[in-house]
Amino acid sequence: MRIRKIRGWFVRLFDIFHRARREREFAEELENHLAMHIEDNLRAGMSPEEARRQALIKLGGVTQIKELHREQRGLPMLETFWQDLRFGWRTLRKNPGFTLVAALTLSLGIGANTALFSLADAVLLKTLPVENPEDLVLFQWTMGPNGVAGLIEGGTVEKDPATGLNRGTPFSYPAFAQFRAQSQTLSAVFAFAGVSLNVNLDGQAEIVSGQLVTGDFYSGLGVQAVAGRMITADDDQLAAAPVAVISYRFWERRFGLDPAAIGKTIQVNGSPCAIIGVTPPAFYGGLELGAAPDLTLPMTPLTIGQSKMTDAANWWLQVMGRLKPGVQETAVRAELERAFQQTAVGGDGGGARLGTGLVGERVAAEMESEERRRFGRRFVTELARLRLYAHHHAAREPAVRVDARLAGNARRFAGGAQTGWAAPRRGALAPEPIACHRADRDIVSLAGGNRFVCAHAP
Amino acid sequence: MSEKTDVWQGTLALMALKTLEAMGPLHGYGIARRIEQISENKLSINYGTIYPSLLKLEQEGYIASEWRASDNNRRAKYYKLTRAGRKRLAEETQKWETTTAILARFLAPPQES
């Protein structure tokens with residue numbers, strides 16, 4: 001049996017040279033599969049649209065299948081590593097100044113032998129498909145050890161080792177409502193929270209990762225629907241009919257990309273809900289680090305309960321805003337600090353002070369603490385700072401060109417099987433969706449624009 | 001999580017081999033359909049998952065593939081069992097039957113002799 005396995009590896013090695021052909025052949029095989037299935041469905045009496053839809057659903061996600069097949073072919077790690085090595089070399093030669101920085105960084109990374117978390121990639125990639133991510137701020141608060149917040153049910157809270165203060169992201173709904181009502185410095189203020197949902201569609205139930213958002217979430221981020229429409233402020237109203245937005249992935253998986261999904265009623269936690277739109281494939285669905293929600297609902301008294309909407313002691317949602325042109329984030333803090341103090345427990349903020357962080361910085365900070373928590377190892381602070389710099393500047397580049405060492409591992413996403421996003425292959429502009437498997441410790445940290453390469457070897 | 005997938009892939013591969021033995025050369029769609037059928041629809045699988053399994057089996061030499069012209073000028077990829085595949089199937093079947101027999105003895109109600 002061992003010899004069979006060895007034979008397998010050899011075949012895969014040689015297959016590297018026939019990649020294009022194999023890819024084409026498999027695409028043809030899949031086409032035939034669908035054609036045959038559709039024929040059978042037609043013979044069984046289905047309409048052409050239904051026949052096609054059922055065949056697609058039964059097949060599973062085409063992108064995913066192709067990816068799994070691709071991984072079984074060839075030796076993905078080897079191939080992409082070689083490709084990227086060659087590409088990296090070519091790029092480096094064109095930019096000698098950059099070569100020095102990259103070389104230093106590489107040696108810092110490899111020398112320090114840190115296993116850094118791929119949260120970096122996930123976050124960097126994830127901030128790409130929204131409009132002007134550099135104008136987005138995430139609200140946070142800092143509080144002394146004796147501070148009193150309230151019931152904290154979401155977001156993240158961590159202790160800042162430098163100052164000893166607690167720093168957190170969850171707010172109460174009343175606080176959010178005040179921010180939204182009062183802010184002059186922000187063009188949009190919106191909130192979101194992750195939630196697990198029981199979804200029943202055509203008799204098939206499953207638990208999906210979901211989220212609750214307020215009316216300006218999609219417009220504030222600048223995400224356009226790829227089908228149907230997105231949640232708007234009107235959907236927040238009490239009398240509004242319950243609606244839901246689904247992710248592209250979910251649309252592909254449960255509906256086979258059928259446009260009839262729009263308008264379809266599904267059961268969410270026992271209540272009926274109408275699907276109104278689908279987010280684009282590049283928008284993975286939500287904003288919480290590590291989450292890829294399939295279903296998004298508006299926050300209404302029906303979906304979150306009346307008490308959550310009025311209880312200032314329950315801090316459970318995260319708040320983001322978009323800076324108006326020319327506005328600094330410090331202005332936001334100044335403007336809304338008092339409102340925050342007034343809504344927070346006891347009317348004195350419980351000792352908490354408002355802060356905001358540009359999404360990029362905030363994310364870098366969360367990454368660092370996450371890394372520390374997970375691996376407990378010394379990590380290279382210099383590297384982290386450089387990474388932050390790169391991210392900050394990358395976000396401002398209109399076209400993101402990505403140069404990176406794309407080890408197969410770099411596409412993996414910690415946390416088990418989830419859909420992750422591969423950094424685009426050279427020349428491509430948009431990240432591609434792929435299926436991910438286990439957590440891997442390699443990371444490639446990358447930034448477009450100023451062509452900055454950080455490779456962290458395990 | 002990956003172990004669970006591996007076990008499943010192994011089981012799927014076995015069922016594919018058995019299907020080919022019983023039905024003769026068949027294409028991926030046919031194999032997937034047949035597997036579901038035989039399980040009397042107790043197994044509901046995404047048909048697409050059969051393809052990576054078939055590829056692996058082919059790479060390891062248990063099955064061989066060939067393109068055949070089907071009706072309406074289409075060509076379909078047919079898979080057939082190789083000698084090594086037959087042997088492997090026999091071995092795995094034997095292993096399975098032994099395991100089941102042993103377990104049956106354990107799980108059977110105690111007998112007074």
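Let me start with Arg70(A), which at 25% relative accessibility counts as partly exposed in what is, I should say at once, a predicted model. The side chain of Arg70(A) meets that of Glu23(A) in a salt bridge, with 3.0 Å from N to O, and Glu23(A), at 31% relative accessibility, is likewise classed as partly exposed. Since Glu23(A) belongs to helix α2 of chain A and Arg70(A) to helix α4 of chain A, the pair ties together parts that are 47 residues apart in sequence.

Staying with helix α4 of chain A, which covers residues 62-72, the buried positions there are Ile65(A), Glu67(A), His69(A), Glu71(A) and Gln72(A). After α4(A) comes Gly74(A), and its phi is positive, near 45°.

Back in helix α2 of chain A, which takes in residues 19-43, we find Glu25(A), a residue that is buried with a relative accessible area of 15%. If we leave aside its neighbours within four places in sequence, Glu25(A) is in contact with Trp67(B) and Lys77(B). Trp67(B) also has a charge over its ring, because the rule for such a placement is satisfied by Arg75(B): the charged end of Arg75(B) sits 4.0 Å from the ring centre of Trp67(B).

Further along α2 of chain A, Arg43(A) forms a salt bridge with Asp40(A), the closest N and O atoms being 3.6 Å apart. Both of these residues lie in that helix, 3 residues apart, or about one turn, and here a general remark helps: an α-helix has 3.6 residues a turn, so residues three or four places apart point the same way. As for their surroundings, Arg43(A) is exposed, with a relative accessible area of 62%, whereas Asp40(A) is partly exposed at 25%.

Asp40(A) has a partner in the other chain as well: Arg33(B) forms a salt bridge with Asp40(A), and the closest N and O atoms are 3.9 Å apart. How many salt bridges does the rule find across the interface of chain B and chain A? It finds 3, alongside 11 residue pairs in polar contact, where both residues are at pLDDT 80 or more. On the side of chain B that touches chain A, at least two residues each are supplied by α2 (28-38), α3 (50-59), β3 (75-81) and α4 (83-107), and α3(B) gives the most, with 6 residues.

Taking the interface as a whole, 31 residues from chain B and 31 residues from chain A take part in the contact, and the two chains bury about 2,700 Å² between them, 56% of it on carbon and sulfur atoms. In chain B, the residues that lose the most area to chain A are Tyr29(B), Tyr51(B) and Gln59(B), which together account for 25% of what that side buries.

A few words on chain B by itself. It has 4 helices and 3 strands, and from the N terminus on these run α-β-α-α-β-β-α. Of its 113 residues, 37% count as buried, and among the contacts in chain B with a separation of 6 or more, 43% are between residues 24 or more positions apart.

Returning to chain A, let me turn to another charged group. The structure holds 23 salt bridges over all chains, and one of chain A's is between Asp294(A) and Arg253(A), with the closest N and O atoms 3.4 Å apart. Asp294(A) lies in the loop between β11 (271-278) and β12 (295-298) of chain A, while Arg253(A) lies in helix α10 (residues 248-255), so the pair ties together parts that are 41 residues apart in sequence. Asp294(A) is buried, with a relative accessible area of 7%, but Arg253(A), at 34%, counts as partly exposed. Salt bridges that share partners join these two with Glu206(A), Arg249(A) and Arg254(A) into one network.

Finally, the aromatic residues. A search of the whole structure finds 15 aromatic pairs over all chains, among them Phe179(A) and Phe340(A), whose pair is tilted, at 6.4 Å centre to centre and 40° between the planes. Why does this pair tie together parts that are 161 residues apart in sequence? The reason is that Phe179(A) lies in helix α8 (residues 173-182) of chain A and Phe340(A) in helix α13 (residues 329-343). Both rings belong to buried residues, with Phe179(A) at 0% relative accessibility and Phe340(A) at 1%. These two also belong to one aromatic cluster, together with Phe139(A), Phe171(A) and Trp315(A). Elsewhere in chain A, Lys308(A) lies over the face of Trp316(A), at 5.5 Å from the ring centre.

Note on methods. Residues are numbered from 1 along each chain as its sequence is written. Chains are lettered from A and ligands numbered from 1 in the order in which they are written. This is a predicted model: local features need pLDDT of at least 70, side-chain atom pairs count only at pLDDT 80 or more; totals for chains, interfaces and linings use all residues. Side-chain values use heavy atoms; hydrogens and water are left out. Rings of Phe, Tyr and Trp (its six-membered ring) pair if their centres lie within 6.5 Å; planes under 30 degrees apart count as stacked, over 60 as edge-to-face and the rest as tilted. Buried means under 20% relative accessible area, exposed over 50%, partly exposed in between (1.4 Å probe, protein chains only). A charge sits over a ring if NZ of Lys or CZ of Arg is within 6 Å of the ring centre and within 35 degrees of the ring normal. Contact means heavy atoms within 4.5 Å. Buried area is the accessible area (1.4 Å probe) that two parts lose on being put together, summed over both. A salt bridge is a side-chain nitrogen of Lys or Arg within 4 Å of a carboxyl oxygen of Asp or Glu. A polar contact is a pair of N or O atoms within 3.5 Å; within protein, one must be able to donate a hydrogen and the other to accept it, and residues adjacent in sequence count only if both atoms are side-chain atoms.
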